[in-house]
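The exercises below guide a first reading of the structure shown here. Each task is followed by a solution in steps.

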Amino acid sequence: MRWFLFLLAAAAWAQVFDAVPEKPTQGTVIKVTSDKAVSARLNGRTITLFPQQEGPALGLMPVPTLEKLGKYQLDFLDQSGAVLHSTEITVEDAYYPLENLSIAPSISKLKPSPGEQATVGRFREAITAERYWKEPFAAPVPGCVTSPFGSTRLHNGKLTGDFHAGVDQRGAAGTPIHPITPGVVKIVQKWNLRGGTVAIDHGQGVETIYLHMSAFQAKEGQQVSTSDVIGYVGSTGRSTGPHVHWTMYVNGVPVNPGQWMKLEPCAAGSHPPTAAVQHATPKPKPVPTATASPAAVPPAPQE
Ligand SMILES: [Zn+2]
């Protein structure tokens with residue numbers, strides 16, 4: 001009996017402090033779980049651990065794409081901010097490629113609409129407690145990826161000082177776009193830079209935004225699931241051709257959705273020689289002229 005009581009007490013004391021993975025690459029997410037901590041901190045960023053229907057509380061710690069490589073300490077915190085436990089995290093190189101876009105001056109000069117940047121900024125910062133997201137996530141359109149997440153961007157050969165904070169997927173104009181997981185529609189706007197835009201809050205720090213749409217199907221405030229159509233592929237805003245650019249944010253930070261779903265890159269050499277994109281590694285293979293006609297293979301549309 002005494003042993004039984006001891007085991008019972010030991011079980012009650014067992015504390016969960018998990019961080020997976022402990023060696024994330026730049027632009028990915030660490031799943032932080034604990035039955036004691038209410039928040040977690042990494043390199044100055046603090047995230048909330050939300051209670052779950054089953055199991056310990058869960059928080060999603062983003063590792064920014066431009067985070068310096070090396071070792072960091074992930075702290076598990078209690079209500080008062082005291083450190084209950086620490087885990088060593090090693091940020092590893094994701095080897096994101098270099099990518100050049102040929103952009104017409106008229107498109108390059110586009111300025112954001114009044115309020116465009118601020119509205120997206122507020123959306124990214126607004127973390128809500130109710131969880132709608134559930135795995136597995138699904139790509140918003142079936143098309144292959146013409147430009148991956150994380151590439152360092154050059155416009156007409158000049159460094160922009162920025163990286164590609166989303167994924168570009170090919171899609172014929174008018175292709176329906178679905179949310180990657182359930183959520184609540186927060187933004188439906190036609191903007192100068194982003195073009196037709198829908199932004200969705202999936203709860204507990206997960207958000208997505210879909211750009212360049214030709215038309216909308218969703219309304220602000222609407223609850224949507226992956227079977228719903230939120231809008232249609234277009235080329236509005238700063239875009240070189242019909243495609244969907246979409247970004248997944250975790251606690252306000254753009255992250256690589258490739259960690260959460262399978263995304264097929266468009267086959268190397270599937271772009272005609274005039275394609276805007278050049279990948280630094282590996283170098284694009286020369287395109288055989290005898291393959292598909294230019295009409296069947298549109299240039300890789302991007303931005
Ligand atoms: Zn893009």
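**Exercise 1: Strand β20 and its partners**

I209 has T247 in β20 as its bridge partner. The model is a predicted one, in which local features require a pLDDT of at least 70 and side-chain atom pairs count only at pLDDT 80 or more, while totals for chains, interfaces and linings use all residues. Residue numbers start from 1 along each chain as its sequence is written.

Task: Determine which strands pair with β20, and in which sense.

Solution.
1. Strands are DSSP runs of E with at least two residues, and helices are runs of H or I with at least four, numbered from the N terminus. Two strands pair if DSSP finds at least two bridges between them.
2. Strand β16 (residues 206-213) is joined to β20 by six bridges, and the two run antiparallel.
3. Strand β12 (residues 167-170) also pairs with β20 in the antiparallel sense, over four bridges; here Q169 stands opposite V244.
4. Three bridges link β20 with β21, again antiparallel, and M248 has V255 as its bridge partner in β21.
5. The hairpin of β20 and β21 has two residues between the strands, and N251 takes a positive phi near 45 degrees in it.

**Exercise 2: The surroundings of β20**

Task: Establish whether β20 is enclosed or open, and which way its residues point.

Solution.
1. A residue is buried if 20 or more other C-beta atoms lie within 10 Å of its own, exposed if 12 or fewer do, and partly exposed in between, with C-beta atoms placed from the backbone.
2. H243, H245, T247 and Y249 point one way from β20, whereas V244, W246, M248 and V250 point the other way; all are buried.
3. Because eight of the eight residues of β20 are buried, the strand is largely enclosed by the rest of the structure.

**Exercise 3: The largest nonpolar core**

Task: Locate the largest nonpolar core and explain why it lies between two domains.

Solution.
1. A nonpolar core is a set of buried Ala, Val, Leu, Ile, Met, Phe, Trp, Tyr and Cys residues joined through C-beta atoms within 7 Å.
2. The largest core has 23 residues, of which V29, I30, V32, A40, L60, M61 and V250 touch the most other members.
3. At least two residues of this core come from each of several strands, including β2 (29-34), β5 (57-62) and β20 (243-250).
4. Domain 1 (2-91) and domain 2 (98-259) both contribute residues, so the core lies between them; the domain bounds come from an automatic or database domain assignment.
5. Apart from this core lies another, of 18 residues, among them F149, I209, V224 and Y232.

**Exercise 4: The position of F76**

Task: Describe where F76 lies and which residues it contacts.

Solution.
1. F76 is located in strand β6.
2. F76 counts as buried because 26 other C-beta atoms lie within 10 Å.
3. Two residues are in contact if their C-beta atoms, placed from the backbone, lie within 7 Å. Neighbours within four places in sequence aside, F76 is in contact with F17, S34, A37, A40, V83, L84 and H85.
4. A37 is 39 residues from F76 in sequence, yet their C-alpha atoms are 5.5 Å apart.

**Exercise 5: Confidence in the model**

Task: State where pLDDT stays under 50.

Solution.
1. pLDDT is the predictor's confidence in each residue, from 0 to 100.
2. The average for the protein is 88, and 85% of the residues score at least 70.
3. Over residues 271-299 pLDDT stays under 50, and the model has 41 contacts beyond four places in sequence for them.
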